[in-house]
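This report describes a ligand site and two helices. The sequence and structure are shown first.

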Amino acid sequence: MLRVKSLSVSYGAVQAIMNVSLHVSHGEFVSLIGSNGAGKTTLLNSIMGIVPPKDGEITFNGDSIASYSVHKSVKEGLALVPEGRRVFPNMTVYENILMGGFTRSSKENEEKAEEIEEMFPVLKERRSQAAGMLSGGEQQMLAIARALMSRPKMLLMDEPSMGLAPLVIKDVYEKLAGLSKSGLTILLVEQNATMALKYADRGYVLENGRIVLQGSSSELLGDNEVKRAYLGKEYKEKWER
Ligand SMILES: Nc1ncnc2c1ncn2[C@@H]1O[C@H](COP(=O)(O)OP(=O)(O)O)[C@@H](O)[C@H]1O
Ligand SMILES: [Mg+2]
């Protein structure tokens, strides 16, 4: 469904993505893990048409989308849930949801919003409140709900667990797992390797803008290098005393 081939992206002299190739098949849930500054957001923004690639190919369902605008990428069936959620704090929850439907008519959007509110009961309950009043977890749900308004075929998720408590992170991942089960294709990027790999079918590891490892989630979770670098303190305490 999505194929990225030999992609390079730079900000002036800073090369953020170097010769990255990856693919996500229809219906797959793929996670890409990497530490802060590895290039995760740049990769998603480049796929989405926010940051232009310097070199390489991006195809979506066979179409070359590397030069597409964000608007065109959304029309094509891609949706991004951005890092830090970026809800509009002074708008209501319901208005935030509607914002995701900018490519369609208002009638289509109202129907879709109703469907989405059924999927996210918390958002329905709080539809008239300012989005800024929601908890971090609820705001993450809202950002996902907003992205679903454009009826995407594929969801790009940027660090859903950022700043959330473990139990709330689990809620968010359970919601993503449900969407995945219902047929949505997902590419997720995270520093939180444990959760990202636990829920994904497959994964990639990005370091300094390059893919250094790939495999099934269980392979990666069992990899010593991944454990050392991404699975945190517990492993270090146990094995590197
Ligand atoms: N707008 C920008 N201008 C210049 N450099 C940037 C910009 N955005 C990101 N970078 C640099 O690109 C690299 C990758 O950043 P980013 O994609 O945000 O990583 P991640 O999402 O994995 O934390 C970093 O070195 C970062 O400093
Ligand atoms: Mg990022």
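A residue is called buried when its relative accessible area is under 20%, exposed when it is over 50%, and partly exposed in between, with a 1.4 Å probe and protein chains only as cover. Helices are DSSP runs of H or I with at least four residues, numbered from the N terminus. The model is predicted, so that local features need pLDDT of at least 70 and side-chain atom pairs count only at pLDDT 80 or more, whereas totals for chains, interfaces and linings use all residues. Residues are numbered from 1 along each chain as its sequence is written, chains are lettered from A and ligands numbered from 1 in the order in which they are written, and side-chain values use heavy atoms, without hydrogens and water.

**Helix α1 and the ligand site**

In helix α1, the buried residues are Lys 40, Thr 42, Leu 43, Leu 44, Asn 45, Ser 46, Ile 47 and Met 48. Because eight of its nine residues are buried, α1 is largely enclosed by the rest of the structure. The residue that follows α1 is Gly 49, with a positive phi near 95°.

Helix α1 (residues 40-48) also supplies three residues to the shell around ligand 1, the largest share. That shell (residues with a heavy atom within 4 Å) consists of Tyr 11, Ala 16, Ser 35, Asn 36, Gly 37, Ala 38, Gly 39, Lys 40, Thr 41, Thr 42 and Glu 83. Its classes are three nonpolar, six polar and two charged residues.

The table gives polar contacts of the ligand, a polar contact being a pair of N or O atoms within 3.5 Å.

| Protein partner | Ligand partner | Distance |
|---|---|---|
| Gly 37, polar backbone atom | ligand 1, oxygen atom | 2.7 Å |
| Gly 39, polar backbone atom | ligand 1, oxygen atom | 2.9 Å |
| Thr 42, polar side-chain atom | ligand 1, oxygen atom | 2.5 Å |

On its own, ligand 1 has 560 Å² of accessible area, of which the protein covers 59%; the areas come from the Shrake-Rupley method with a 1.4 Å probe.

**Helix α7**

The 16 residues of helix α7 (residues 166-181) should span 22 Å at 1.5 Å a residue, and the end C-alpha atoms are 22 Å apart, in agreement. Its buried residues are Ile 169, Val 172, Tyr 173, Leu 176, Ala 177, Leu 179 and Ser 180. Viewed down the axis of α7, these buried residues fall within an arc of 160°, so they line one face of the helix. The arc is taken from the directions from the helix axis to the C-beta atoms.

Leu 167 and Lys 181 are exposed on the other side of α7. For Lys 181, the relative accessible area is 78%. Lys 181 and Glu 219 are 38 residues apart in sequence, with their C-alpha atoms 22 Å apart in space.

Terms used: A polar contact is a pair of N or O atoms within 3.5 Å; within protein, one must be able to donate a hydrogen and the other to accept it, and residues adjacent in sequence count only if both atoms are side-chain atoms. Helices (H or I, at least four residues) and strands (E, at least two) are DSSP runs, numbered from the N terminus. Ala, Val, Leu, Ile, Met, Phe, Trp, Tyr, Cys and Pro count as nonpolar, Asp, Glu, Lys and Arg as charged, and the others, Gly among them, as polar. The expected span of a helix is 1.5 Å times one less than its number of residues.
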